[in-house]
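Let's take a walk through this structure together, starting at one residue and working outwards. Have the sequence and the 3D view at hand as you read.

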Amino acid sequence: MQHIILIGLQGYGKTSAGQRLARRFCLPFVDADQVFEAQAGQSITSYFAQHGEAAFRAQETATLRNILAAQEPCVLSTGGGAVLRAENRALLKAGGTVVYLLAQPNAIYQRLRNDTQRPLLQVADPRAKIKALFEERDALYREIAHLVVETGTNSLSTQVRKIAEALEQAGWAVGAENPV
């Protein structure tokens, strides 16, 4: 079974683009973070504060495994740190067409500079933290990506168009039976 799996740093459109891509390709949309929160009965921020990052990452793996085992293909938006565990990278790469939404750290900072809901950015210098996350994760994203789409500072509509075009070139058909 094939899913369209969106990866990349937090805050740069995986959920918003994923929702539009799902409509375009006639697939359901699943946000891994929303599934996690529903199962945990609390926000990721609260879970992080109570249990720490290691516990969160372990539960994130279980969530991804369950979603990817689903019978029906979907467009899946992952959390930005889902690639940190080797097990997650293997699950994602085997689970479908992985699309890395590449955005440079400064563009991400501009988008997230007033966001208080992302636990990893609640630091004295969020710009430096985003740069460090990018440097830590870029190679991991590229390791499992079947497609890399630079989203830059484009509008959401332009991002979705670029992603859809890359998927179509990889064999996905808009509104039709797709790779299973």
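Start with I108, and leave aside its neighbours within four places in sequence: I108 is then in contact with L9, Q10, Y12, A103 and I130. Keep in mind as you look that this is a predicted model. I108 itself lies in helix α5, which covers residues 105–112. Is I108 buried or exposed? Its relative accessibility is 2%, and because buried means under 20%, I108 counts as buried. One of its contacts is worth a second look: Q10 is 98 residues away from I108 in sequence, yet the two are 8.1 Å apart in space, taken from C-alpha to C-alpha.

Such links across the sequence bring us to the chain as a whole. Taking contacts between residues at least 6 apart in sequence, 75% join residues at least 24 apart. The chain has 180 residues, and buried residues make up 47% of them. You will find 7 helices and 5 strands. Read from the N terminus on, these elements follow the pattern β-α-β-α-α-β-α-β-α-α-β-α.

Now turn to the strands. In what order do the strands of the open sheet lie? The 5 strands are arranged as β2-β3-β1-β4-β5, and their pairing is parallel. At the edges are β2 and β5, each of which pairs on one side only. From one strand to the next, the twist averages 20°.

Strand β4 is a good place to pause. It spans residues 96–102, and 7 of its 7 residues are buried, so the strand is largely enclosed by the rest of the structure. How is β4 joined to the strands beside it? Strand β1, residues 3–7, runs parallel to β4 and is joined to it by 5 bridges. Along this pairing, I4 stands opposite T97 in β4, and I5 stands opposite V98 in β4. Strand β5, residues 147–150, also runs parallel to β4, with 4 bridges between them. Here you can find L102 standing opposite E150 in β5. As background for looking at any such strand, the side chains of a regular strand alternate between the two faces of the sheet.

Next, look at how helices sit against the sheet and against each other. Helix α4 lies across β1, β3 (75–77) and β4, and runs at about 115° to β4. Helix α4, residues 86–95, also packs with helix α6, residues 126–144, at an angle of about 35°, with their axes 9 Å apart. Which residues make this contact? From α4 come R89, L92 and K93, and from α6 come L140, E143 and I144. Sorted by class, the contact of α4 with α6 has 3 nonpolar residues, 3 charged residues and no polar ones.

The aromatic rings offer another way through the model. A search of the whole structure finds 5 aromatic pairs. One of them is formed by F25 and W172, whose rings are edge-to-face, 6.3 Å centre to centre and with 80° between the planes. This pair links distant parts of the chain: F25 is in the loop between α1 (14–24) and β2 (29–31), while W172 is in the segment after α7 (156–169), 147 residues apart. Both F25 and W172 are buried. Another aromatic pair, F48 and F56, is tilted, at 5.3 Å centre to centre and with 50° between the planes. F48 and F56 are both buried as well. Ring pairs also link F48 and F56 with F36 and Y47 into a cluster.

Finally, let's turn to the cysteines. How many disulfides does a search of the whole structure find? The search finds 0. Two cysteines to look at are C26 and C74. C26 has a relative accessible area of 57%, and because exposed means over 50%, C26 is exposed. C74, by contrast, counts as buried, at 3% relative accessibility.

To end where we began, go back to I108 in helix α5 and find its contacts once more, including Y12 and I130. Then follow the sheet across in its order, β2-β3-β1-β4-β5, and stop at β4, with 7 of its 7 residues buried.

Definitions and conventions
Residues numbered from 1 in each chain as written. Predicted model: local features only at pLDDT ≥ 70, side-chain atom pairs only at ≥ 80, totals over all residues. Heavy atoms only, no water. Helix = DSSP H or I, 4+ residues; strand = E, 2+ residues; numbered from the N terminus. Buried < 20%, exposed > 50% of the residue type's maximum accessible area, 1.4 Å probe, protein only. Contact = heavy atoms within 4.5 Å. Disulfide = S-S within 2.5 Å. Pairing = 2+ DSSP bridges. Axes fitted to C-alpha atoms, helices over the stretch in contact; angles between N-to-C directions. Nonpolar A, V, L, I, M, F, W, Y, C, P; charged D, E, K, R; others polar. Phe/Tyr/Trp six-rings, centres within 6.5 Å; stacked < 30°, edge-to-face > 60°.
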